Amino acid sequence: MGRRPPPRKPSFLQILVKDFSKKLLVPSKFVRLHRGTLARKCILRPSGTQDSWPVKTKQINNLLYFKKGWEKFAQHHSLGFGDLLVFRYAQDCEFYVDMFDKSCCCQEKESNPKTAALEAAEDFMASSEFPTFNKIMQSTYVGVHGYMPLKPDFAKMHLKDGRREVKIEVSGKTWTVRVRKVRSSYRFSTGWTHLATELALKVDDACVFELVDAEDYTLKLSIFSSTS
């Protein structure tokens, strides 16, 4: 049997017209479908780079726009009238952005080890028989006082009992990690920094969590290095 393709990410595209340099519309249908996970602060990650651009959303006349931070993003990438952008939603208000000029050619870019790690993680998830979610490590996840937010859809489906601790298993070793609820979201807190330090997790590593035992809530962690 052939390998199943990795699940497609929710996405939308925009052709840059009118006043795109100051703000960019997020399509209303996309907002309706993902209202539960969209927040005021977003991260834009241009595909093929290791850059991350913080951008805030703003409601204007009942429409949602990328606003504060968007102008700097557009200027830095020399975006012009008629360019086409594809936004692929990675949850937690992170978007990977593919940029095409008027000739329909993608911008030149260097290979990105993070992208390779993410692709390997997505291939792994596609073949897993367990409920899964993946996270790209950021500085706040691997720092001295680190924490790591869970994917909202995964948390809503599998943390309904208000669970406050999980077991995370890597290569036969198990860590106990506290789960903390912050408003409507969940994050790994106490115990996570110790795990991240022992495993030498790095920014841009891709981590896949599989719920291998739902009864005592054991997650198996597989790490796809950004430098391999």
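The questions and answers below look at one sheet and some aromatic rings in a predicted model.

Residues are numbered from 1 along each chain as its sequence is written. In this predicted model local features need pLDDT of at least 70 and side-chain atom pairs count only at pLDDT 80 or more, while totals for chains, interfaces and linings use all residues, and side-chain values use heavy atoms, with hydrogens and water left out.

Q: Which strands stand at the edges of the open sheet?
A: Strands are DSSP runs of E with at least two residues, numbered from the N terminus, and two of them pair if DSSP finds at least two bridges between them. Seven strands form the open sheet, with mixed pairing, in the order β1-β6-β7-β3-β4-β5-β2. Each edge strand has a single partner, so one side is left without a neighbour in the sheet, and these strands are β1 (11-15) and β2 (24-26).

Q: Why is the ring pair of F30 and F95 called tilted?
A: Rings of Phe, Tyr and Trp (its six-membered ring) pair if their centres lie within 6.5 Å, and planes under 30 degrees apart count as stacked, over 60 as edge-to-face and the rest as tilted. The centres of F30 and F95 are 6.0 Å apart, and the pair is tilted because the planes stand at 45°.

Q: What is the relative accessibility of F95?
A: Buried means under 20% relative accessible area, exposed over 50% and partly exposed in between, with a 1.4 Å probe and protein chains only. F30 counts as buried at 6%. F95 also counts as buried, because its relative accessibility is 0%.

How values were computed
Helices (H or I, at least four residues) and strands (E, at least two) are DSSP runs, numbered from the N terminus.
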